[in-house]
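Trainee: I want to test the labels against the numbers. Can we take the structure piece by piece?
Mentor: Yes. Put it up first.

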Amino acid sequence: METKYVFVTGGVVSAIGKGITTASLGMLLKRRGYRVALLKIDPYLNTDAGLMNPFQHGEVYVTDDRAETDLDLGHYERFVDESMSALSNVTTGQVYAEVIRKERDGGYYLGATIQVIPHVTDEIKERIRRCARHHQADICIVEVGGTVGDIEGQPFLEAIRQMRHDEGRDNVCYVHVTLVPYLSTVGELKTKPTQHSVRELRSMGIQPDVLVCRTQKALSREMRAKIALFCDVPVENVVEARDIQKTLYEIPLALENEGIANLVTRVLRLPDREANLDDWREILRPLLSPSKSVRIAMVGKYMDLHDSYLSVTEAIKHAGGANDAEVLVDYVDSESVEKHGAAPLLEGVQGVLVPGGFGHRGIEGKIAAIRYARENRIPYLGLCLGLQTAVIEFARNVCGLTGANSKEFDQETPHPVVIYLKEQEYVTELGGTMRLGAYPCVLQPGSLAERLYGTREISERHRHRYEVNNAYRARLEECGLRFSGTSPQGDLVEIIELPDHPFFIASQFHPEFKSRPNRPHPLFRGFIAAALERQAQGG
């Protein structure tokens with residue numbers, strides 16, 4: 001069948017839930033037997049999210065094929081359970097860079113005056129179609145970032161308006177996510193923001209087919225009828241998206257109960273199909289009603305914005321569900337550990353996790369937290385920088401290498417146990433200089449890593465510049481550190497562990513990017529199981 005397109009826009013406020021709506025719709029359509037592709041449009045001028053401050057934009061999500069993308073791609077992968085690609089994220093920076101490249105080449109536009117219409121909009125449309133072709137999609141779902149009315153989003157709205165003209169009316173569906181706020185002072189839901197949002201969208205030439213109304217309270221039949229009348233959509237196409245309190249993995253089932261997938265397929269002239277969601281309901285059971293709980297500490301430097309570690313947090317939830325446990329996370333600022341010591345901030349937790357990051361700020365606090373976990377035999381999981389800081393801690397406090405450090409934090413360290421990638425020694429620009437994307441890893445037989453994975457060969461996603469210094473590997477091994485996972489050639493350290501510790505393991509890669517609610521990542525699953533075991537033993 002020819003590819004059909006669904007465009008998800010948002011109005012009234014940012015962070016209204018377009019990403020979760022897109023991910024949920026993708027999952028519901030896939031469960032109906034359709035091949036789906038998902039794409040996120042980000043109207044910012046950055047080429048990608050790689051150099052953006054996590055405080056401003058949340059985490060950077062990494063795909064197998066080395067793309068540094070918006071965090072919504074993580075939602076897409078976790079809900080749809082398929083890998084996204086570099087083609088799944090389009091930014092204004094990418095679009096304009098390509099248009100300018102073609103103009104400078106001279107052979108593409110043949111001397112034409114380059115304009116937003118048609119040249120920029122044509123480039124946007126081509127990127128949407130390219131993503132659909134690459135993923136061999138029956139339905140390509142495109143989330144347009146930002147809020148309707150933003151200046152930077154106008155070329156993208158114009159491009160998706162043209163798509164219905166190009167592809168045919170029955171091959172395009174517009175879904176608009178909007179807000180119906182509840183005013184407690186008068187005790188009423190208000191539809192005016194939705195009316196204004198749709199009016200703004202219609203001024204761009206786009207009439208929404210389906211309205212997804214974010215709301216705290218249930219929408220009455222009368223309220224839906226009012227929205228339908230003023231926004232010119234059928235009343236049955238007004239979908240209630242009430243706030244979910246417990247877990248975002250409830251949202252697909254809530255939207256399924258509202259019939260959103262069937263509404264979309266009818267607009268696209270596709271047959272109604274049943275979706276088998278029994279396994280998803282089974283996944284939800286321990287997330288909603290776990291039989292036990294356990295407390296862990298996540299020690300990092302972006303603790304004020306949890307979106308900075310969104311995939312880590314979700315991977316912890318997946319692992320908790322797999323162990324029928326609620327995981328209570330203490331978000332501990334590593335600079336606070338530097339000021340107050342590890343013991344008062346980590347006392348009472350059953351596990352310690354140090355996630356990835358960049359820069360020297362808060363590093364000594366992370367090292368102190370790792371030492372506390374090692375010496376008190378508390379389960380420890382390190383991710384990327386969490387491996388590098390674990391190596392530094394071990395080198396200093398077990399091997400006696402005073403002043404051991406990473407060259408990232410101390411260029412004059414007498415014991416550089418973590419160093420810059422040699423082949424990138426002379427690179428001065430930050431963008432595009434890292435080891436990114438999926439790389440293979442071989443696990444040592446009999447190691448904790450092999451037991452957790454249940455296999456000898458794995459592939460995981462990376463995002464880092466520094467590596468364990470091979471010149472120190474023999475010394476570290478003599479002191480008891482095991483390098484249980486390496487690159488196939490053995491020249492790059494991928495996993496470390498301590499065999500004489502109840503659970504101490506760290507990875508150079510980011511396992512959180514491959515965790516799914518239906519397939520919790522083995523490292524996280526084992527970590528939470530170890531934390532529960534420590535709790536059961538009264539630790």
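What follows is a set of questions on why certain terms apply to this predicted model.

Trainee: Why is threonine 194 called buried?
Mentor: Threonine 194 has a relative accessible area of 0%. Buried means under 20%. The label therefore holds.

Trainee: What does threonine 194 touch?
Mentor: Threonine 194 sits in helix α7, residues 192–203. Leaving out residues up to four places away in sequence, its contacts are Val12, Thr178, Leu179, Val180, Leu211, Ile227 and Cys231.

Trainee: What makes α7 and α8 roughly parallel?
Mentor: Their axes cross at roughly 25 degrees and come within 10 Å. Angles under 35 degrees count as roughly parallel. So α7 and α8 earn the term. The contact is made by Thr194, Gln195, Val198 and Arg202 of α7 with Lys226, Ile227, Phe230 and Cys231 of α8. The crossing is right-handed.

Trainee: Why are α15 and α16 called roughly perpendicular?
Mentor: Helix α15 (residues 363–375) packs against α16 at an angle of about 70 degrees. The range for roughly perpendicular is 65 to 115. The pair therefore qualifies. The axes of α15 and α16 are 9 Å apart, and this crossing is right-handed.

Trainee: Which residues of α15 and α16 meet?
Mentor: On the α15 side they include Ile363, Ile367 and Ile370. On the α16 side they include Leu385, Ile392 and Phe394.

Trainee: How do you know that the buried residues of α11 lie on the same side?
Mentor: In α11 (residues 278–288), the buried residues are Trp280, Ile283, Leu284, Pro286 and Leu287. They cover an arc of only 165 degrees around the axis, which puts them on the same side of α11. Among the elements covering them are α1 (18–30), α3 (72–80), α9 (251–257) and α12 (310–322).

Trainee: Now the sheets. What makes β16 and β20 edge strands?
Mentor: The open sheet has three strands in the order β16-β17-β20, with mixed pairing. β16 (405–406) and β20 (466–468) each have a single partner strand, so one side of each lacks a neighbour in the sheet.

Trainee: How do you know that β17 and β20 pair?
Mentor: Three bridges join β17 (residues 416–420) to β20. Pairing needs at least two bridges. So they pair, and they run antiparallel. Tyrosine 420 has tyrosine 466 of β20 as its bridge partner. Helix α16 (residues 385–397) lies across β16, β17 and β20, at about 150 degrees to β17.

Trainee: Why is valine 417 called buried?
Mentor: Valine 417 is in β17. Its relative accessible area is 0%, under the 20% limit, so it is buried. The C-alpha atoms of valine 417 and isoleucine 392 are separated by 6.6 Å, though their positions lie 25 residues apart along the chain. Isoleucine 392 is one of the residues that valine 417 touches, as are Val391, Ala395, Val468 and Tyr472.

Trainee: What makes you say that both faces of β15 are covered?
Mentor: In a regular strand the side chains alternate between the two faces of the sheet. In β15 (residues 380–383), Tyr380 and Gly382 are on one side and Leu381 and Leu383 on the other, and all are buried.

Trainee: How many bridges link β14 and β15?
Mentor: Three, in the parallel sense. Leucine 353 stands opposite leucine 381 in β15.

Notes. Residues numbered from 1 in each chain as written. Predicted model: local features only at pLDDT ≥ 70, side-chain atom pairs only at ≥ 80, totals over all residues. Heavy atoms only, no water. Helix = DSSP H or I, 4+ residues; strand = E, 2+ residues; numbered from the N terminus. Contact = heavy atoms within 4.5 Å. Axes fitted to C-alpha atoms, helices over the stretch in contact; angles between N-to-C directions. Buried < 20%, exposed > 50% of the residue type's maximum accessible area, 1.4 Å probe, protein only. Arc of directions from axis to C-beta. Parallel < 35°, antiparallel > 145°, perpendicular 65-115°, else oblique. Left-handed = near helix turned anticlockwise from the far one by under 90°.
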